[in-house]
Amino acid sequence: HTNQIVFVCARPLLRILLPSWMAGVAVTAALWSGAALRFGLHHQVQNLLAWVGAVLLIPSLALMLGAWTGTSKTFEVIYLMLWYIGVVNRLPALDFLGLSPQAFVYQYPAWEFGILAGIVLLAFIGRRLRQVM
């Protein structure tokens, strides 16, 4: 119950939520930088685009689910299911890393970034609604 203390600054959405999202993107990119380097050295543009989408998707999904539910447990469960069903079992519709040739990220890259933009927008809306409460 620290909302009154944390959100005391002006424009908390831009000053707290945006840097949190950027930090998540930076950490995810750093963790997967080896893959990006490999894709870049081998001129695998399609894989590099899927990497960018995954690096942006994971923190965005975490932020959106955290903003709406107020807990990290929802993200942990959903991400584990996405990872197991989509990536490990290579279900093309949920393979956000692009490990299978028929992955959604290869077939419809514009849709992936549209979904990503929607997730980020929902994160800001959810955080704004929690801030007002």
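This is a short walk through the structure above, from its overall build to its core and its largest pocket.

The model is predicted. Start with how far to trust it. The mean pLDDT of the chain is 87, and 90% of its residues reach 70 or more. Confidence varies along the chain. Among its elements, helix H3 (residues 33-41) has the highest mean pLDDT, 93. Helix H1 (residues 3-6) has the lowest, 63. Where pLDDT is low, the predicted coordinates should not be read in detail.

Now look at the overall build. The chain has seven helices and zero strands. Read from the N terminus, the order is therefore simple: α-α-α-α-α-α-α. The C-alpha trace spans about 50 × 30 × 25 Å along its principal axes. Of the 133 residues in the chain, 30% are buried.

Follow helix H4 next. H4 has 25 residues. From its first C-alpha to its last, H4 reaches 36 Å. That is close to the 36 Å expected at 1.5 Å a residue. Just after H4 comes Gly70, with a positive phi of about 80°.

One residue in helix H4 deserves a stop: Trp51. Is Trp51 buried or exposed? The cut-off for buried is under 20% relative accessible area. Trp51 has a relative accessible area of 15%, so Trp51 counts as buried. Trp51 also shows how folding brings sequence positions together in space. Ser33 and Trp51 are 18 residues apart in sequence. Their C-alpha atoms are 9.4 Å apart in space.

Move on to the largest nonpolar core, which has 22 residues. Leu61, Met64 and Phe96 touch the most other members. Helix H2 (12-31), H3, H4, helix H5 (73-88) and H7 each supply at least two residues of this core. H4 gives the largest share, ten residues.

Finally, look for empty space. Rolling a probe the size of a water molecule over the atoms shows where such space is left. The largest pocket holds about 230 Å³. Its lining includes Leu57, Leu61, Phe96, Phe104 and Ile119. Three elements give two or more residues to this lining: helix H4 (45-69), helix H6 (104-107) and helix H7 (109-132). H7 gives the most, with three residues. What kinds of residue make up the lining of the largest pocket? Ten are nonpolar, none is polar and two are charged. The charged ones are Asp95 and Glu112. Leu61 and Phe96 belong to the pocket lining, and Leu61 and Phe96 are also among the core residues that touch the most other members.

Notes: Residues are numbered from 1 along each chain as its sequence is written. This is a predicted model: local features need pLDDT of at least 70, side-chain atom pairs count only at pLDDT 80 or more; totals for chains, interfaces and linings use all residues. Side-chain values use heavy atoms; hydrogens and water are left out. On a 1 Å grid over the protein atoms alone, a cavity is a set of points where a 1.4 Å probe fits but cannot get out, and a pocket is an open set with protein on both sides within 12 Å along at least five of seven lines; lining residues have an atom within 4 Å of a point. Grid points are joined across faces, edges and corners, and a volume is the space filled by probe spheres set on the points. Helices (H or I, at least four residues) and strands (E, at least two) are DSSP runs, numbered from the N terminus. pLDDT is the predictor's confidence in each residue, from 0 to 100. The expected span of a helix is 1.5 Å times one less than its number of residues. A nonpolar core is a set of buried Ala, Val, Leu, Ile, Met, Phe, Trp, Tyr and Cys residues joined through side-chain atoms within 4.5 Å. Buried means under 20% relative accessible area, exposed over 50%, partly exposed in between (1.4 Å probe, protein chains only).
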